[in-house]
Amino acid sequence: MRCVVTGATGYIGGRLAPRLAAEGHDVRCVVRRPEKMRDVPWARQVEIVRGDVLDEESMRAACRGADVLYYLVHSLSESGFAAVDRQAAMISAQAAREAGVSRIVFLGGMHPEGVELSEHLASRAEVGEIFLRSGIPTVVLQAAVILGSGSASFEMLRYLTERLPVMLTPSWVHHRVQPIAIRDVLHYLVRVVTVPPEVNRTFDIGGPDVLTYLQMMEGFAEVAELPRRTMLPVPVLTPRLSSHWVNLVTPVPRSTAVPLIDSLVHEVVASEHDIDRFVAQPDGGLTGFHRAVQLALQRISSGQVETRWSGANASYAPSDPLPSDPSWAGGSVYSDVRERASSASAEHVWDVVTGIGGERGWYSFPLGWWARGVLDRLAGGVGLRRGRRDADFLKVGDALDWWRVEECVDSDADDDIRAGLDLAEGERLLRLRAEMKAPGLAWLELRVAPDGTGSHYRQRAIFFPHGLAGHAYWWVIAPFHVLVFGGMERRIVAAAERSERGEDPEPPAGPLARLRDRRTQRDAARSRPSVVRCAPRT
């Protein structure tokens, strides 16, 4: 069949598309920024088209000639998300109907009947109803907690359990949940295209275990071989207060934690298993909770995390300036530019550049980075805890602490890409866009070019201020640039030169870095060798 997948850069869609292609289907991925797909290893197996579920014309074009539309989009953290989701679903349903699509598949959230739902769950239920009433046979799969490496639900469970040996537990942790492994969710999504054409309904999908969230934390601790956790019940800790706590303790920001916790306010247990009448269970049966956690931890420890919750499309306005805009484009812009020649080869410097962030840190003033990350979390931002999706590879669209990889161009990139970015022969570029809370837009560009027997490193921080607050912000933090950006320039080059001599490329950078190193050594069983490189381009 010809399958159209929306949300192909998201957590579910990024895993579903290659599996549909492996089953022999023709897959068309609808993405707002096709350039985010150029480093994806399975990109050549699918058709990639530019489109937006809020754009009628692009959705009509995307659905033309298609048999199945997979709708895997949810505006989780946008303001006014319910209205946005409603409009997007109506546009997509109409486009699919006009194009003659014979089946719509939507992944929603499991919820009990007869209770007042949270705004997020109510919105997802409404989207499912829009498709069910569209005139096109629709299958709505409803899942509760999805367990898999990189899922927001799993990372919330993981970090709460790992970092809190003693936890104040709100009342919702005693509600029953029926989690499901990501592999089983994908199994149902792939196989549901075989459902008879007259079927137009919702199906609950869940794993074989029904547990309270408290039992899930205890089960995680058991699988991860952590000491037994102590739980102290606090009935006054509301879901909203809990989301602030999750924001501070885990990499999941409050904007994402709110809908996750809202989905646990009521018991979420499958009310029926009718999907088994139409789709056979996976070979060996559905994956139990302990096995799902074990598989997720194995993926994380081996660095084989296909997609991550933080890799979903960020919402940027088309009118936003770009760091490549010329000075005459209008508006104020501040920059901090630093350059340094290195005796190390461009390859060694590039390896260090593409290995920054996450556990390796940022090669300068760790206390300053940590403090700024804490302030960002307190303001409801993403902070530094998102880390990296993969310890070895960077690709466009990856989240990297509070940055987003906007460009990652290796020396063997396509000539058209290099020409569009004005890169010299052999020059490499890593461009990161800041997603922290700030009164303006910020980027960090790191360039490496061969220079004789060595290389030339160029680092540029760019800031477009918003209003008077933006200008004040730049000048307040300007004195710290010497520590942050100056130290970063020196240490990156020095690390590359040490690496080329066969020495340790990552020397201690202060007490926080030494603490991180000790933690890394303690968790060596879950770590990989430090081999860093950008994902290859063809």
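These questions and answers look at salt bridges and backbone angles in a predicted model.

User: How many salt bridges does the count come to?
Analyst: Side chains of opposite charge can pair when their charged atoms come close. The cut-off used here is a side-chain nitrogen of Lys or Arg within 4 Å of a carboxyl oxygen of Asp or Glu. By this rule, the count of salt bridges is 28.

User: What is the N to O distance in the salt bridge of Arg 338 and Asp 336?
Analyst: Arg 338 and Asp 336 are both buried. Their side chains meet in a salt bridge. The N to O distance is 2.8 Å.

User: Which helix holds both Arg 372 and Asp 376?
Analyst: Arg 372 forms a salt bridge with Asp 376, with the closest N and O atoms 4.0 Å apart. The two residues are 4 residues apart in one helix, so about one helical turn separates them. That helix, residues 366-378, is H12.

User: Is Arg 372 buried or exposed?
Analyst: Buried means under 20% relative accessible area. Arg 372 has a relative accessibility of 18%, so this residue counts as buried. Its salt-bridge partner is Asp 376. With a relative accessible area of 0%, Asp 376 is buried. For Arg 372, the answer is also buried.

User: Which residue forms a salt bridge with Asp 398?
Analyst: The closest N and O atoms of this pair are 3.7 Å apart. Both Asp 398 and its partner are buried. The partner is Lys 395.

User: Which residues do salt bridges that share partners join into one network?
Analyst: Some salt bridges share partners, and these join residues into one network. On the Glu side, the network holds Glu 406, Glu 427 and Glu 445. On the Arg side are Arg 431, Arg 433, Arg 447 and Arg 460.

User: Where is Phe 365, a residue with a positive phi?
Analyst: Most residues other than glycine have a negative phi. Phi of Phe 365 is near 40 degrees, a positive value. Phe 365 is partly exposed, because its relative accessible area is 28%. Its place is the loop between helix H11 (346-353) and H12.

User: What is the relative accessible area of Asp 401?
Analyst: Asp 401 lies in the loop between strand S15 (399-400) and strand S16 (403-409). Its phi is positive, near 55 degrees. Asp 401 is buried, and its relative accessible area is 3%.

Notes. Residues numbered from 1 in each chain as written. Predicted model: local features only at pLDDT ≥ 70, side-chain atom pairs only at ≥ 80, totals over all residues. Heavy atoms only, no water. Buried < 20%, exposed > 50% of the residue type's maximum accessible area, 1.4 Å probe, protein only.
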